[in-house]
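Hi,

Here is the structure I promised to pass on. Have a look at it first, and then read my notes below.

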Amino acid sequence: MTVTTPATAPAPAPAPADAVPLTTRASRRRARTAPGAATGGRDRYLDILRMFAMIRVVTYHTFGWAWLSLVFPSMGVMFALAGSLMARSLGRPALGVIRGRMRRLLPPLWAFGIVVVLAMMVHGWAPPEHHIGRWWLRMLLWVIPIGDPPGNAWGAQATDILWYLRTYLWFVLLSPLLLKAFRLSRGVTLVLSLVPIVVMSTVWSPPDGRIGSILFDLATFLTCWLLGFAHRDGLVDRLHPGVVLLLAAATMAFGGWYGLTHQSDGSYDLNEIPLAQAFWSVGFVLLLLRFRPDMDWVRRIKPLDRTVTIFNSRAVTIYLWHEIALIVSVPLIDLMWQVRAFELSLPLDSMWFQFGVAWVLIAVAVLLVGWVEDVAAKKRPRLLP
């Protein structure tokens, strides 16, 4: 999810032709390969990838199709996009960048947490009698999610998705060091970034529990985050297409083979097989970042362009609330069964119908609490961006 994105910046007025300075071949190449260089604003291709990744996440959580993890590994794509934005921002002082990223992430999480935590308490969630202090101390993870925020079984479906925000936050905190290491030796750092997940999956298993989950998630998507750095620095664009195809084919072949031969509970779902997820996502992200089409034409189709803007400006809200939308859709459809007209005219027993109802509820959530993302970004709050 990554997940927090600024609103699309307007393109600056073009300078007169006689005011354009001569440039070197290298600087012209950087200008061509820099995302958004043509318009001076955001790269619409990356925005569309983020929107598609969000749609894929909701689709996967609705239908549970394992093959979706192969067709479009959305989490790897989201981490790569977030890494690219982070590398761009780190041209400014690192402390201010980290503070800004946390400011954009945390208020939407707090709004979500207020609702979910109260709902879990209403459904019987309470501290153990002899561990009240520890219980309240762990509640601080709802304030700054450096670990998985606590919850109960009733709210598990709503809170399971928070691993992404926790992993994103850790990558943000580590990015100043990661970017320095990456720029010391780009190729070596990218190759070595795959070592942790290989070691954890084959030689050494981290401890069970929260710490192990954090380490596994960071190791799984570390290379995708660094590929975001490589994309921002123009490294991916400078690679020969044949080299990219070879690297992508090799990593995806290994990831696919490992997933099929090390299935989890009889499933090849990459979300349950970290090593396969890591290698497959790396190859997929490489292809997406190297062979990217010009999508600026989207700006000329106003409804589509507005949809892309809404998805990117409300990405955290959509991600946080989509599972609640799926949960609420079930009793809502049950109520529809009691209306004879709905029973006869609507496909109430179809998962596709639930999918549609969930998107309606997601839209409601965007209208009700999406403005928190504007406040977090120090913008004037709006129902829709």
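Before the helix pairs, one bit of vocabulary: the axes I mention are lines fitted to C-alpha atoms, for helices over the stretch in contact, and the angles run from 0 to 180 degrees between N-to-C directions. Please also keep in mind that this is a predicted model.

**Helix packing**

Let's start with helix 13 (residues 241-261) and helix 14 (residues 274-290), which pack with their axes 7 Å apart and at an angle of about 155°. Angles over 145 degrees count as roughly antiparallel, so that is the label for helix 13 and helix 14. The crossing of helix 13 with helix 14 is left-handed.

The other pair to look at is helix 4 (residues 74-89) with helix 11 (residues 210-232). Their axes come within 7 Å and cross at roughly 45°. Helix 4 and helix 11 are therefore oblique to each other, and they cross in a right-handed way.

**Salt bridges**

How many salt bridges does the structure hold? There are twelve. A good place to zoom in is helix 2 (residues 44-63), where you'll find both Arg44 and Asp47, three residues apart, or about one turn of the helix. Their side chains meet in a salt bridge, at 2.8 Å from N to O.

Asp47 also forms a salt bridge with Arg50, and here the closest N and O atoms are 3.4 Å apart. Asp47 and Arg50 are again about one helical turn from each other, because they sit three residues apart in helix 2.

Are these residues buried or exposed? Arg44 and Asp47 are both buried. Asp47 has a relative accessibility of 1%, and Arg50, at 2%, counts as buried too. If you widen the view, you can see Arg44, Asp47, Arg50 and Asp305 linked in a network of salt bridges.

Elsewhere, Arg299 and Asp296 bring their side chains together in a salt bridge of 3.5 Å, N to O. Asp296 is partly exposed, with a relative accessible area of 21%.

**A nonpolar patch on the surface**

Last stop: a nonpolar surface patch of about 670 Å², made by Trp110, Leu137, Leu140, Val143, Ile144, Ile146, Leu173 and Leu174. One of these, Leu137, is found in helix 6 (residues 132-138). Leu137 has a relative accessible area of 56%, so this residue counts as exposed, the cut-off being over 50%.

Happy browsing!

Methods
Residues numbered from 1 in each chain as written. Predicted model: local features only at pLDDT ≥ 70, side-chain atom pairs only at ≥ 80, totals over all residues. Heavy atoms only, no water. Patch = residues over 30% accessible without salt bridge, like charges linked within 9 Å, V, L, I, M, F, W, Y side chains within 5 Å. Areas by Shrake-Rupley, 256 points an atom, 1.4 Å probe, with all protein chains shown as cover. Salt bridge = Lys/Arg side-chain N within 4 Å of Asp/Glu carboxyl O. Helix = DSSP H or I, 4+ residues; strand = E, 2+ residues; numbered from the N terminus. Buried < 20%, exposed > 50% of the residue type's maximum accessible area, 1.4 Å probe, protein only. Parallel < 35°, antiparallel > 145°, perpendicular 65-115°, else oblique. Left-handed = near helix turned anticlockwise from the far one by under 90°.
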